[in-house]
Amino acid sequence: MTQKEQRERLGRNDLDLEDELINEATATVTEGAKRLNRKWPELIVTGFFGGVDVGLGILAMILVKQATGSAILAGMAFGVGLLALKLAHSELFTEEFLLPLNAVIAGQANWLQVVRLWVVTLVTNLLGGAAFAWLIVVGLPDYHSVLTDMAAGYVDQSSLSVMIALSLLAGATITLATRMQQGTKNDVVSAIVCMITGLLVIGFGMLHGAINAIVIFAAMFAGADISILQFLQWFGIVIVFNMLGGLLIISLPRVVRTRRVLWGVRKGRISLEELEQQSS
């Protein structure tokens with residue numbers, strides 16, 4: 001028996017591909033097309049509340065950090081914000097790169113829509129996060145020192161290479177965590193993934209432009225010695241390597257393994273409806 005015959009015998013489809021990969025391709029293309037074809041109001045509000053939801057995680061993080069002094073416990077507390085993103089169907093920049101990529105490759109959207117999604121999500125994340133950061137600073141003056149110390153830890157890196165590596169790790173970790181959550185319908189498993197992701201990102205001091213920016217905004221509102229120019233220089237480096245981490249390390253390899261399905265949909269050799277039937 002040839003390898004092709006063996007794969008077809010073990011699967012339920014005629015694409016010479018594992019059923020799990022068919023399911024992944026179908027789900028990502030469908031969901032990616034929905035996100036890319038959102039109208040402007042929905043896109044803006046979704047991104048804005050992504051920043052607010054992350055702000056909720058930061059609120060929990062600084063509470064635990066000041067009470068315990070533990071970055072690990074603070075990171076697990078931050079996972080509440082990541083869980084809020086999932087349950088509230090908000091969107092965080094770098095959270096999911098695979099969905100729009102698969103939708104475009106499958107011919108269900110175009111690159112201009114991808115740019116629109118990424119730019120609007122990033123800008124509205126920052127706006128929502130800044131608004132929530134201002135509320136934290138005004139309402140919780142006892143936590144200014146914690147915010148200032150954490151912001152200084154993000155901005156003051158020992159070297160450019162360390163900064164780049166921590167940015168790549170953050171982009172890859174957040175993107176992979178989102179893929180893991182999409183692989184389960186169990187809310188308990190999703191909550192565990194969020195807590196572990198928060199533990200890793202915050203506990204290791206990884207650099208994530210959209211997440212760390214909210215802490216830095218809060219510190220700046222509280223009077224920290226961080227200038228706008230200093231923030232923009234930091235942000236410009238971090239956000240680029242967050243994208244590279246999510247795209248190159250996590251998303252593109254997954255595109256490669258489902259490329260035949262995506263290209264088949266694009267060329268009209270199989271429809272999304274047929275894929276959904278095969279994956280059901």
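In this predicted model, helix α6 supplies the largest share of a nonpolar surface patch, contributing 4 residues. The patch is formed by Val45, Phe48, Phe49, Val115, Val119, Val123 and Leu127, which together have about 580 Å² of accessible area. Two elements, α3 and α6 (111–139), each give two or more residues to this patch. Leucine 127, one of the patch residues, is located in helix α6.

Helix α3 spans residues 40–68 and also holds threonine 46. With a relative accessible area of 14%, threonine 46 counts as buried, because the value falls under the 20% limit for that class. The side chain of threonine 46 reaches back to the backbone oxygen of glutamate 42, at 2.6 Å. Leaving aside residues up to four places away in sequence, threonine 46 touches Arg38, His89, Ser90 and Glu91.

Helix α3 also appears among the packing partners of another helix, α10. Helix α10 comprises 13 residues, 209–221, and extends 18 Å from its first C-alpha to its last. This span is close to the 18 Å expected at 1.5 Å a residue. The helix is mostly covered, with 11 of its 13 residues buried. The buried stretch consists of Gly209, Ala210, Ile211, Asn212, Ala213, Ile214, Val215, Ile216, Phe217, Ala218 and Ala219. What surrounds these buried residues of α10? They pack against α3, α4 (71–87), α6, α7 (144–155), α8 (160–182) and α11 (228–257). Both helices that give two or more residues to the nonpolar patch, α3 and α6, are thus found in the list of elements that the buried residues of α10 pack against.

Beyond the end of α10 the chain continues to glycine 223, which follows the helix and has a positive phi, near 100 degrees. Aspartate 225 lies in the loop between α10 and α11. Is aspartate 225 buried or exposed? Its relative accessible area is 77%, and aspartate 225 is therefore exposed, since the class begins over 50%. Aspartate 225 thus contrasts with threonine 46 in helix α3, which is buried at 14%. Although 73 residues separate aspartate 225 from alanine 152 in sequence, their C-alpha atoms are 8.8 Å apart in space.

Conventions. Residues are numbered from 1 along each chain as its sequence is written. This is a predicted model: local features need pLDDT of at least 70, side-chain atom pairs count only at pLDDT 80 or more; totals for chains, interfaces and linings use all residues. Side-chain values use heavy atoms; hydrogens and water are left out. Buried means under 20% relative accessible area, exposed over 50%, partly exposed in between (1.4 Å probe, protein chains only). A polar contact is a pair of N or O atoms within 3.5 Å; within protein, one must be able to donate a hydrogen and the other to accept it, and residues adjacent in sequence count only if both atoms are side-chain atoms. Contact means heavy atoms within 4.5 Å. Patches are made of residues with over 30% relative accessible area and no salt bridge: like charges are joined within 9 Å, nonpolar side chains (Val, Leu, Ile, Met, Phe, Trp, Tyr) within 5 Å. Accessible areas come from the Shrake-Rupley method with a 1.4 Å probe; for residues, only the protein chains shown count as cover. A salt bridge is a side-chain nitrogen of Lys or Arg within 4 Å of a carboxyl oxygen of Asp or Glu. The expected span of a helix is 1.5 Å times one less than its number of residues.
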